[in-house]
Amino acid sequence: MISIQDAFDHKKAFIAFITAGDPTLDKTKDYIREMAKAGADLIEIGIPFSDPIAEGPTIQNANVRALKHNVTTDQVFDLVKDLRQDVTVPFCFMTYCNVVYHYGYDRFFKKCQEVGVQGIIIPDLPYEECQEAKVVAKNYDIKVISMIAPTSKERVEMIAKESEGFIYLVSSMGVTGVRDQGSFANNLEDIVAHIKSVTDVKVAVGFGIHEPKQAYEITRFADGAIVGSGIVNLIAKYGDHADQAVYDYVKQMSDATKAE
């Protein structure tokens, strides 16, 4: 497997997101393989949850579609285990506190290590309350990815200094979903510079990026671009037949982050 660090070494990273079980678990595996072939450097796999408070309608609806098929956390672990037979890019889970807490921190992170998940993003886990999860995750070498918002200026150094894996910089206030460039915070480049002044951990920007031009512009100053809703929209549109659309889109976006 490629490590999270390796995903960023000597290049800008394109990070792709997909909700496990949307439209089915088997098709999720197909689409993840397509994303890896198309150049995704790291893939976030969303574990479905009934109340994904950081998500806009696109990913909320993906969660609903997955939960209608009664997708469980154990099934998502099995999905990753199967993918690890041939997919080497790093995987991070994206899910909510209740999912991990209910499963049990030790059991959850041990299972992550066993199947080949290297990190986790928990949007509703405040920095002040993250140590309980991070201590257990560290036992299994699982990185708990820190999120930094555009309004966090006075907290940037505190969060950045204790970050690991990579830092997820939120492009604008609100929930996930495609956005015009003008909707991004106008001080993103300054925030990235501030973060880099206190840590060597790589910084990727997410929330709203959905066009190659946006990915290109973001990665002129950030280390990576994160795209979720743009991919999930294609899956919502094409259902079981999104393979080529997902491949083509991810390749466009990945190529944009690597352009000189």
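Start by selecting strand 1 (13–19) and strand 8 (224–227): the two run parallel and are joined by four bridges. Two strands count as paired here if DSSP finds at least two bridges between them. The strands and helices themselves are DSSP runs, numbered from the N terminus, with at least two residues (E) for a strand and at least four (H or I) for a helix.

Before you go further, a word on what you are looking at: this is a predicted model, in which local features need pLDDT of at least 70 and side-chain atom pairs count only at pLDDT 80 or more, while totals for chains, interfaces and linings use all residues. Residues are numbered from 1 along each chain as its sequence is written, and side-chain values use heavy atoms, with hydrogens and water left out.

**Stop 1: strands 1 and 8**

Show the side chains of strand 1. Seven of its seven residues are buried, so strand 1 is largely enclosed by the rest of the structure. Buried means under 20% relative accessible area, exposed means over 50%, and partly exposed lies in between (1.4 Å probe, protein chains only). On one face you'll find Ala13, Ile15, Phe17 and Thr19, and on the other Phe14, Ala16 and Ile18.

Now zoom in on the pairing. Ala13 has Gly224 of strand 8 as its bridge partner, and Phe14 has Ala225. Strand 8 is covered on both faces too, with Gly224 and Ile226 buried on one side and Ala225 and Val227 on the other.

Next, add strand 7 (residues 203–206), which pairs with strand 8 in the parallel sense over two bridges. Pick Gly224 again: in this pairing, Gly224 is the bridge partner of Ala204. Bring in helix 10 (212–218) and you have a right-handed β-α-β unit made of strand 7, helix 10 and strand 8. Right-handed means that, with the strands pointing away from you, the path from the first strand over the helix to the second runs clockwise.

**Stop 2: across to strand 2**

Go back to strand 1 and select strand 2 (residues 42–46) as well; these two pair in the parallel sense over five bridges. Ala16 has Ile43 of strand 2 as its bridge partner. Add helix 2 (25–38) to see another right-handed β-α-β unit, formed by strand 1, helix 2 and strand 2.

**Stop 3: helix 12**

Select residues 243–258. This is helix 12, with 16 residues and a reach of 23 Å from first C-alpha to last, close to the expected 22 Å. That expected span is 1.5 Å times one less than the number of residues.

Which residues of helix 12 are buried? Colour Val246, Tyr249, Val250, Met253, Ser254, Ala256 and Thr257. They sit on the same side of helix 12 because they cover an arc of only 155° around the axis, the arc being that of the directions from the helix axis to the C-beta atoms. What covers them includes strand 1, helix 2, helix 10, strand 8 and helix 11 (229–238).

Stay with Ser254 for a moment. Its relative accessibility is 3%, so Ser254 counts as buried. Leaving out residues up to four places away in sequence, Ser254 touches Phe14, Ala38, Gly39 and Ala40; contact means heavy atoms within 4.5 Å.

**Stop 4: the nonpolar cores**

A nonpolar core is a set of buried Ala, Val, Leu, Ile, Met, Phe, Trp, Tyr and Cys residues joined through side-chain atoms within 4.5 Å. The largest has 74 residues, and those touching the most other members are Ile32, Met35, Ile45, Phe91, Phe93, Phe108 and Phe109. Centre on Ile32: beyond its neighbours within four places in sequence, Ile32 is in contact with Ile18, Ile43, Ile45, Leu79, Leu83 and Phe91. A second, separate core of 20 residues includes Phe8, Ala13, Cys92 and Tyr168.

**Stop 5: helices 7 and 8, with strand 5**

Helix 7 (residues 131–139) has Ala133, Lys134, Val136 and Ala137 buried, and their cover includes helix 6 (105–115) and strand 5 (143–148). Just after helix 7, look at Asp141, whose phi is positive, near 60°.

In strand 5, pick Lys143. At 28% relative accessibility, Lys143 counts as partly exposed.

Finish on helix 8 (residues 153–161), where Val156, Ile159 and Ala160 are buried. Their arc around the axis is only 95°, which puts them on the same side of helix 8. They pack against strand 5, strand 6 (167–170) and helix 9 (188–196). Flip to the other side of helix 8 and you'll see Glu154 and Lys161 exposed.
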